[in-house]
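Visitor: I would like a close look at a single residue, please, and after that a careful walk through whatever can be set beside it.

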Amino acid sequence: MDPPSQANEMIPYQEEEAATLLLEKVIPPNLLKKSAGDDSCCIFRLPHTLRRVNDTAYAPKIVSIGPYHRSDDKEHEHLKMIEEHKKLYLELFVSKTMRKGVNLSHLVDAVSELEPLIRDSYSEKLDLNKEKLTKVMILDGCFILMLFLVVSGIKYKNINDPIFKLRWILPTLRSDLLLLENQVPLFLLNKILETSKLAPSTSLNEMAFNFFKYSIKKPEASWKKHKNLQAHHLLDLIRKTFIPTVSPRPTQKQCCINISSGPEEKTRAKTLKNTCLSKIRPSFKSNGDQTSPPPSPFLSLIVSAKKLRLRGIKFKLRENVDTPLDICFKNGLLEIPLLVFDDFISSVLINCVAFEQFNMKCSTEITSYVSFMGCLMNTEGDATFLVEKRIIENYFGTGEQVSLFFKNMGKDISISIAKSYLSKVFEEVNMYTSKGYHVHWAGFKYTHFITPWTFLSSCTALLILLLTIFQAFFAAYAYFRPLKEN
């Protein structure tokens, strides 16, 4: 065989060997496991796209819970203060359980059995062996439960610890315990509480609500109504207390919008240029050659509060409801419940939106609400108007800061208006403001009669116009009448 033919035979072999070497280097992903899309996964590491908007909203301030923020470097120096208290709380917790015949080994055995389920709950591969992971879960789980027991006042009221004496610590702990990256599975807390026998007549949900209700203002009946909620973790538990009871969502699958960094569609630019989210593009799905029915032309985002007023929409505070998300619209009246907006609620909202973006099986009420309020508050004036209408009680900052918060939250997230619990509100508001005499009358009234000064100036202009007309009439009448007599 001649040398060229031998070389040609060697080429496929070399390519096959190179491919084999390439496959040998394939390792399972660590930062986003294959199981991260399963139902069991519920605690996620935030991506850069969400973190760049507000990095501090996702990072713990004083306490690390779970495996994601445990480190001895200078970046986590501020977390060491509470970390030093965790062993004291574990010691206190075990001293109480021993009176019930439960010692630390019983807790270790109970948590060890849950190790596979705990690992499946995190989107990252945890670089902890079984012993270390069990230690972290017991330390953090007992710390959380001890906080709940003390604040709930079930048995332990007189704890001589600065965490309960320094006014700033507990509110900050509440905020840190509702960060998406700072979670442990709720089944873990339930297992430790059940094994400890410390609160046999009280559920974990009730204890958690007693702890968080100091920062979330809700009627007592609303908390009791949710005592049997099933949730993945504490953030999900509190998120579900905000979800209103509404009729089933529409089954339409059209008009799904993606909030992304791509260019805007020219055909939709005119509709969306006045909304809060300038990066929204509608996307419509079709199955092969089958043509799906067209979506409602009104099923899209709404314009700002100021522009809605110009089109005849009236705003009113909705009272006697359990949640700020319970928004309704009827006959030109948009009723929105009170939102007490402060640093705590802003942190809860932004982490709930992040959780809803990760979990495909999770409903998206918080995302829909944030998008709706972001559309209303396109400018500082819109936010100030909602404050004046008592729809927002602002402890967060200026009107501009509130407006920017909601607009920034709308970046790089995906929502489906058709599947949103607010789809009917979006559609009916757009339908009401699309046409009709009330739209023109509202714009005229807003332009000429919104303040006493514009009213006076409009009346003066109208009076001058009438006088001018009368003057012209009588001048013409005096001129033409003699001609008729002749």
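Is N331 buried or exposed, and what is its relative accessible area?

Guide: This is a predicted model, in which local features need pLDDT of at least 70 and side-chain atom pairs count only at pLDDT 80 or more, while totals for chains, interfaces and linings use all residues. Residues are numbered from 1 along each chain as its sequence is written, and side-chain values use heavy atoms, leaving out hydrogens and water.

N331 is exposed, because its relative accessible area is 68% (buried means under 20%, exposed over 50% and partly exposed in between, with a 1.4 Å probe and protein chains only). Its place is in the loop that joins β4 (328-330) to β5 (333-337) (helices, H or I of at least four residues, and strands, E of at least two, are DSSP runs numbered from the N terminus). The backbone of N331 deserves attention as well, since phi is near 55° there, a positive value in a residue other than glycine. Most residues other than glycine have a negative phi.

K197 can be set beside N331, for K197 also has a positive phi, of about 65°, although it is not a glycine. K197 sits in the loop between α8 (186-196) and α9, and with a relative accessible area of 47% it counts as partly exposed. Following the chain into α9, one finds N205, A208, F209 and F212, which meet L234, L237, I238 and T241 of α11 (contact means heavy atoms within 4.5 Å).

From here we can turn to charged side chains. Side chains of opposite charge can pair when their charged atoms come close. The structure holds 14 salt bridges (a side-chain nitrogen of Lys or Arg within 4 Å of a carboxyl oxygen of Asp or Glu). One of them joins K361 to D39, with the closest N and O atoms 3.0 Å apart. That pair links distant parts of the chain, 322 residues apart, as K361 is in the loop between α14 (343-358) and α15 (365-376), whereas D39 is in the loop between α1 (3-24) and α2 (48-51). K361 counts as exposed, because its relative accessibility is 65%, while D39, at 46%, counts as partly exposed.

Another salt bridge is formed by E220 and K213, whose side chains meet at 3.7 Å, N to O. E220 is partly exposed, with a relative accessible area of 41%, and K213 is partly exposed too, with a relative accessible area of 25%.

A further salt bridge connects K86 with D140, and there the closest N and O atoms are 2.7 Å apart. K86 lies in helix α3 and D140 in helix α6 (residues 130-152), so this pair ties together parts of the chain that are 54 residues apart in sequence. Both K86 and D140 are buried, and both belong to a network of salt bridges in which R70, E83, K86 and D140 are linked. Helix α3 (residues 80-98) is also the place of H85, a residue that is buried because its relative accessible area is 16%. H85 touches D161, P162 and I163, when residues up to four places away in sequence are not counted.

To return to your residue, then: N331 is exposed, lies in the loop between β4 and β5, and has a positive phi near 55°.
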